[in-house]
Amino acid sequence: MHLLEAIMLALGLAMDACVVSAGAGASGRTRGVRGTFRLGFHFGLFQFLMPIVGWFTGMVIADVVAAFDHWIAFAILAFIGGRMIRNGLQ
């Protein structure tokens, strides 16, 4: 992973955590020091673990999926395009 990719990933994860934390704080769900610490700790833990787990999983299944990855992309894009056309006609 290049430095720019790592910075962009970190920025996206930080924005996500910031918005959810602000929402939890505004709703009053994090009362006191303990609740605030738990929220911050769990966000930090999962924001750290998710890219690592995704990277290892991608390395493991890359060879298996490489033979038909273009069909997976086609199916996803066809599904999204079909839903957009259907919603546009309604």
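This is a short walk through the structure, from its overall build to single residues.

The model is a predicted one. Begin with the backbone. The protein has three helices and zero strands. Read from the N terminus, its elements run α-α-α. The radius of gyration is 19 Å, while the globule rule gives 12 Å for 90 residues, so the protein is more spread out than a compact globule. The C-alpha trace gives the dimensions: about 50 × 40 × 25 Å along the principal axes.

Now look at how much of the chain is covered. Buried residues account for 4% of the 90 residues. The protein exposes about 7700 Å². Of that surface, 75% is supplied by carbon and sulfur atoms.

Charge comes next. There are 6 positive side chains and 4 negative ones. The centres of these two sets are 27 Å apart.

Turn to the nonpolar surface. Which residues make the nonpolar surface patch of about 1200 Å²? Its aromatic members include Phe-37, Phe-41, Phe-46, Phe-48, Trp-55 and Phe-56. Leu-45, Leu-49, Met-50, Ile-52, Val-53 and Met-59 also belong to the patch.

Take two patch members in turn. Phe-41 lies in helix α2, which covers residues 32-65. Is Phe-41 buried, partly exposed or exposed? Its relative accessible area is 46%. Partly exposed residues fall between the 20% and 50% limits, so Phe-41 counts as partly exposed. Met-50 is placed in helix α2 as well. Its relative accessible area is 47%, so Met-50 is also partly exposed. Both residues pass the patch cut-off, because a patch residue needs over 30% relative accessible area.

Met-50 also helps to show how the chain is laid out. Met-84 is 34 residues away from Met-50 along the chain. How far apart are the C-alpha atoms of Met-50 and Met-84? They are separated by 30 Å.

Now move to helix α1, which covers residues 3-27. Ala-10 is found there. With 43% relative accessibility, Ala-10 counts as partly exposed. Follow the chain from Ala-10 to Gln-47 and the two residues are 37 apart in sequence. In space, their C-alpha atoms are 8.8 Å apart. Find both residues in the model and compare the path along the chain with the direct line between them.

Put the pieces together. The protein is built from three helices, and it is more spread out than a compact globule. Helix α2 holds Phe-41 and Met-50, and both residues take part in the nonpolar patch.

Key:
Residues are numbered from 1 along each chain as its sequence is written. This is a predicted model: local features need pLDDT of at least 70, side-chain atom pairs count only at pLDDT 80 or more; totals for chains, interfaces and linings use all residues. Side-chain values use heavy atoms; hydrogens and water are left out. Patches are made of residues with over 30% relative accessible area and no salt bridge: like charges are joined within 9 Å, nonpolar side chains (Val, Leu, Ile, Met, Phe, Trp, Tyr) within 5 Å. Accessible areas come from the Shrake-Rupley method with a 1.4 Å probe; for residues, only the protein chains shown count as cover. A salt bridge is a side-chain nitrogen of Lys or Arg within 4 Å of a carboxyl oxygen of Asp or Glu. Helices (H or I, at least four residues) and strands (E, at least two) are DSSP runs, numbered from the N terminus. Buried means under 20% relative accessible area, exposed over 50%, partly exposed in between (1.4 Å probe, protein chains only). The radius of gyration is taken over C-alpha atoms; the globule rule is 2.2 Å times the number of residues to the power 0.38. Lys and Arg count as positive and Asp and Glu as negative; His and the chain ends are not counted. The place of a charge is taken as NZ of Lys, CZ of Arg, CG of Asp or CD of Glu.
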